[in-house]
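Please look through the sequence and the three-dimensional structure shown below. The paragraphs that follow explain selected features, one after another.

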Amino acid sequence: MVLISAVRDYMCRMLQDISGMKVLILDSQTVSIVSVVYSQSELLQKEVFLVELVDSISMSKESMSHLKAVYFLRPTSENIQHLRRQFASPRFGEYHLFFSNILKDTQIHILADSDEQEVVQQVQEFYADFVAIDPFHFTLNMPSNHIYMLPAVVDPSGLQHYCDRVVDGIGAIFLALKRRPVIRYQRTSDIAKRIAQETAKLMYQQESGLFDFRRTEVSPLLLVVDRRDDPVTPLLNQWTYQAMVHELIGIQDNKVDLTNVGKLPKDQQEVVLSSEQDAFFKANMYENFGDIGMNIKRMVDEFQQISKSNQNIQTVEDMAKFVDNYPEYKKMHGNVSKHVTMVTEMSKIVEERKLMLVSQTEQDLACNGGQVAAFEAVTNLLNDERVSDVDRLRLVMLYALRYEKESPVQLMQLFNKLASRSAKYKPGLVQFLLKQAGVDKRIGDLYGNRDLLNIARNMARGLKGVENVYTQHQPLLFQTMESINKGRLRDVDYPFIGNHFQQGRPQDVVIFIVGGTTYEESRSIALQNASNSGIRFILGGSVVLNSKRFLKDLEEAQRIARTSTNVV
């Protein structure tokens, strides 16, 4: 609940103390922040009758002095300029300004100077500068996410902008949690180090007063890591519900766009997938695809029972009862058809792309040794007409990440075959991935073959057998959490910033992945938190990845690296 309730709390405080009819004015970022925690009907209950975007409201001249304007914006210079223009000829009766992060003094002066007609009632900072998609998972929806892969010299101002946004987001998380952490980062990543240093500067120097909360016995931990330390997780097909929906259809701010799926009624072309608003989803978001089918069937059966009893209306009392229960019935009907539609669509994609076949090899590449068998399996799938281009590319990438040092000759054979079989393949993309995230760049024990303990664990797992071949992969994050739990996260690999160090186990840990998180990792976090280890983990990232987005970022970074004079 922690992140969602923090943002809901801010929203509640923003809206409930201002009585009367209100218009809520947001920007392109805060609209996501609000939409994942507050439904439209909840806004209506708070007397919000209109939701507008700040840039479109600048265009309109119509006076609405009967409405009170509640602005919730990021403190950017563009937004401050919008407000300046709007104060020049105010359209609303009152203006209440809330910013999602720390305002600069200069911005406050600009606002004060432009409010000549004294319409502004209050200016406040409410630190909800992150999108709380799940109770322990947040994202920043960064637009140019590929920048983290480029050396600083390629686009210095773009990189600075990227780092600033991440530092703002992490700062807001800790202000919302009312904590100041000790900070560690992944040694092999320049951008993780830079973000960690700039975050420390914000919390311990520039705004040290603001972050000076009552100290807990052991400080919380902020750990900044780089996506490229585990490039395998975002490349894999997923077989648990939430992760699979994002991989095969796509989730944006807890909404799923189904416009491309057959002929659906208008109200089902975009559906909400939120553990807060949908009990079936909450119970099944981390379940295997096979079990989901069974559970949906059970839900359909229950629904049909209720429908039958509704058809059996004989007396006025029956009718009254039906009318009373109708909203609940309608909601249940919408919910049943939403999940049936999604699972049907995903089954279709799995069949069309032969994903069960592809995924078995993917999991082997990620979890089990055996280079000869792996080469043969990948070659066979590259030759299989039924396998799609994107799946071929992912298989070669997974093979390359695993065996780049062991079999360079066979790797070249796979590159050539991929180029000849896949018309859309951009030459050099797999090599670019290895430059970015190859074995020499990584610090974690991605395949459990560097560390004796992991080698033993993998052998034990091999002997025990795996209950589900499609979900045997564990993200690297799982090992990182285990190391933190046991106090074994090595200082040489994850140095501290400043002269801080950690005594004892932290109770709160925020792990931020520069380059993006996956739903497989947020599932790992949720399951870890449910095990009551005494540590509460929170996961955040620049975006939420699926393989499509990860490959898009990789292609974009490769394109820029090629055109820039500094060859990466």
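The model is predicted. A suitable place to begin is residue Y10, which is buried, as is F126. The structure holds twelve aromatic pairs. In one of them, the rings of Y10 and F126 have centres 5.3 Å apart and planes at 25 degrees; planes under 30 degrees apart count as stacked, so this pair is stacked. The two partners come from distant parts of the chain: Y10 belongs to helix α1 (residues 2-16), while F126 is in the loop between β5 (120-125) and β6 (131-134), and their positions lie 116 residues apart in sequence.

The ring of F126 also takes part in a pair with F98. Here the centres are 5.2 Å apart and the planes stand at 40 degrees, so the pair is tilted. F98 is found in strand β4 (residues 92-99) and F126 in the loop between β5 and β6, so this contact ties together parts that are 28 residues apart in sequence. Both F98 and F126 are buried. A charged group joins the picture as well: the charged end of R13 sits over the ring of F126, at 4.7 Å from the centre of that ring. Elsewhere among the aromatic residues, ring pairs link Y71, F87, F92 and Y95 into a cluster.

From rings the account turns to empty space. Rolling a probe the size of a water molecule over the atoms shows where empty space is left. How many cavities of 30 Å³ or more does a search of the whole structure find? The search finds three. The largest cavity has a volume of about 130 Å³. Its lining consists of Q186, V225, D226, R227, D229, D230, L476, L477, T480, Y494, I513 and E521. Two elements, β9 (221-226) and α19 (476-485), each supply at least two residues of this lining. The largest share comes from α19, with three residues. By chemical character, the lining of the largest cavity divides into five nonpolar, two polar and five charged residues.

The second largest cavity has a volume of about 70 Å³. The residues that line the second largest cavity are T233, P234, L236, Q238, A243, H246, E247, T518, Y519, L545 and N546. Which helix gives the most to this lining? Helix α9 (residues 241-248) does, with three residues. The lining of the second largest cavity divides into five nonpolar, five polar and one charged residue.

Cysteines are the next topic. A disulfide is a covalent bond between the sulfur atoms of two cysteines. A search of the whole structure finds zero disulfides. Two cysteines may nevertheless be examined for their surroundings. Residues under 20% relative accessible area count as buried. C163 has a relative accessible area of 0% and is therefore buried. C367, at 9% relative accessibility, also counts as buried.

The backbone deserves attention too. Is E118 buried or exposed? Residues over 50% relative accessible area count as exposed, and E118 is exposed because its relative accessible area is 67%. E118 is found in the loop between α6 (105-114) and β5. The phi angle of E118 is near 50 degrees, which is a positive value in a residue other than glycine. N532 likewise has a phi near 50 degrees, a positive value in a residue other than glycine. The location of N532 is the loop between α20 (519-530) and β14 (536-541). With a relative accessibility of 66%, N532 counts as exposed.

Two further residues show how separation along the chain may be set beside separation in space. D55 lies in helix α4 (residues 54-57). At 40% relative accessibility, D55 counts as partly exposed. D55 and I25 are 30 residues apart in sequence, and their C-alpha atoms are 9.4 Å apart in space. V34 has its place in helix α2 (residues 30-35). V34 counts as buried because its relative accessibility is 3%. Between the C-alpha atoms of V34 and L433 the separation is 35 Å, and these residues are 399 residues apart along the chain.

Terms used. Residues numbered from 1 in each chain as written. Predicted model: local features only at pLDDT ≥ 70, side-chain atom pairs only at ≥ 80, totals over all residues. Heavy atoms only, no water. Phe/Tyr/Trp six-rings, centres within 6.5 Å; stacked < 30°, edge-to-face > 60°. Helix = DSSP H or I, 4+ residues; strand = E, 2+ residues; numbered from the N terminus. Buried < 20%, exposed > 50% of the residue type's maximum accessible area, 1.4 Å probe, protein only. Lys NZ or Arg CZ within 6 Å of the ring centre and 35° of its normal. 1 Å grid on protein atoms, 1.4 Å probe; cavity = no way out; pocket = protein on both sides within 12 Å on 5 of 7 lines; lining within 4 Å. Points joined across faces, edges and corners; volume = space filled by probe spheres on them. Nonpolar A, V, L, I, M, F, W, Y, C, P; charged D, E, K, R; others polar. Disulfide = S-S within 2.5 Å.
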